[in-house]
Amino acid sequence: MSASATSPPTNPDPLLLPLANEDFALEFRVVARGGMRRGIRLERAFWISLKRMAESRKCTIGMLIDEIAGTQAQNGNLTSAIRVACIRGQAEENVTLSKLASTRTINAILVACPSPAFALTSSKKILTFNVPFQQLVKRQLPSGPNDDARHDLKLALDLNVADIFARLDLDGDTPVTSGFVIGAGERQYRGQLSAVRAPVIEPELLIAFVFG
């Protein structure tokens, strides 16, 4: 009998965040706007969504609900309209964030940076870099790679990449500084870099800015 036939099935990674009991609890609040008071009962998650929507639009929850009520007057079910508005608002925000959190944005950041910089994966692979970094490599490693041979460039960091990610998870506002060595063949160049987490979900990336 094969090992695969006897071993218990492994649990796949969850697709959604686990739901807590308080997520289903209804909260009653009185929302006042323009002399009108509305008593509304919604799940806590929708009140949180309304608060975030109001903060991003620089308005009050009452102003949002008043607008929802005005556009859905014929519906008659205000709580349902609020839930739909929250879901649509969250979906629109996700689309906007998806456009921003992309490798195209990382490329744009690197292009805009006047100093040598590159994007580094969690496996220490240089995903992309800017022209100043390319010029640095060619200047310091004359026999180094060109655009068509980036895989020949070897990179070593003084700090473990996993440790850099862990530090940034604890304090994402503070860049992590590390020494590094790049090499091509027998030639090597040592420098310093400052790393921040790239604003993307996948793949996990660092943006490294070379200095000194």
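**Figure 1. Secondary structure and overall surface of the chain.** The secondary structure of this predicted model comprises seven helices and eight strands. The chain has 212 residues, of which 33% count as buried. Among contacts in the chain with a separation of 6 or more, 42% are accounted for by residues 24 or more positions apart. The accessible surface amounts to about 14,200 Å², and carbon and sulfur atoms hold 54% of that area.

**Figure 2. The largest pocket of the predicted model.** The volume of the largest pocket is about 550 Å³. Its lining consists of 17 residues, and those closest to the pocket centre are Leu19, Asp23, Arg44, Ala45 and Phe46. Two elements, α2 (44–57) and α4 (78–100), give two or more residues each to this lining. Helix α2 gives the most, with seven residues. By class, the lining of the largest pocket divides into nine nonpolar, three polar and five charged residues.

**Figure 3. The second largest pocket.** A volume of about 370 Å³ is computed for the second largest pocket. Of the 14 residues that line this pocket, Ile68, Thr71, Ala81, Ala85 and Arg88 lie nearest its centre. At least two lining residues are supplied by each of α2, α3 (61–71) and α4. Here the largest share comes from α4, which supplies six residues. The lining of the second largest pocket contains six nonpolar, four polar and four charged residues. Helices α2 and α4 thus appear in the account of the largest pocket and again in that of the second largest pocket.

**Figure 4. Lys58 in the loop between α2 and α3**. Most residues other than glycine have a negative phi. In Lys58, phi is near 55°, a positive value in a residue other than glycine. The residue is found in the loop that lies between α2 and α3. With a relative accessible area of 78%, Lys58 is classed as exposed, because this value is over the 50% cut-off.

**Figure 5. Lys124 in the loop between β3 and β4**. Phi of Lys124 is near 65°, again a positive value in a residue other than glycine. Lys124 is found between β3 (117–121) and β4 (126–129), in the loop that separates these strands. The relative accessible area of Lys124 is 41%, so this residue is partly exposed, its value falling between the 20% and 50% limits. Lys124 is also one of the residues touched by Leu155, the subject of the next view.

**Figure 6. Surroundings of Leu155 in strand β5**. Leu155 lies in β5, a strand that spans residues 154–157. Its relative accessible area is 12%, and Leu155 therefore counts as buried, the limit being under 20%. When residues up to four places away in sequence are not counted, Leu155 touches Phe118, Leu120, Lys124, Ile126, Phe180, Val181 and Ile182. The C-alpha atom of Leu155 is separated by 6.5 Å from that of Gly183, a residue 28 positions away along the chain.

Note on methods
Residues are numbered from 1 along each chain as its sequence is written. This is a predicted model: local features need pLDDT of at least 70, side-chain atom pairs count only at pLDDT 80 or more; totals for chains, interfaces and linings use all residues. Side-chain values use heavy atoms; hydrogens and water are left out. On a 1 Å grid over the protein atoms alone, a cavity is a set of points where a 1.4 Å probe fits but cannot get out, and a pocket is an open set with protein on both sides within 12 Å along at least five of seven lines; lining residues have an atom within 4 Å of a point. Grid points are joined across faces, edges and corners, and a volume is the space filled by probe spheres set on the points. Helices (H or I, at least four residues) and strands (E, at least two) are DSSP runs, numbered from the N terminus. Ala, Val, Leu, Ile, Met, Phe, Trp, Tyr, Cys and Pro count as nonpolar, Asp, Glu, Lys and Arg as charged, and the others, Gly among them, as polar. Buried means under 20% relative accessible area, exposed over 50%, partly exposed in between (1.4 Å probe, protein chains only). Contact means heavy atoms within 4.5 Å. Accessible areas come from the Shrake-Rupley method with a 1.4 Å probe; for residues, only the protein chains shown count as cover.
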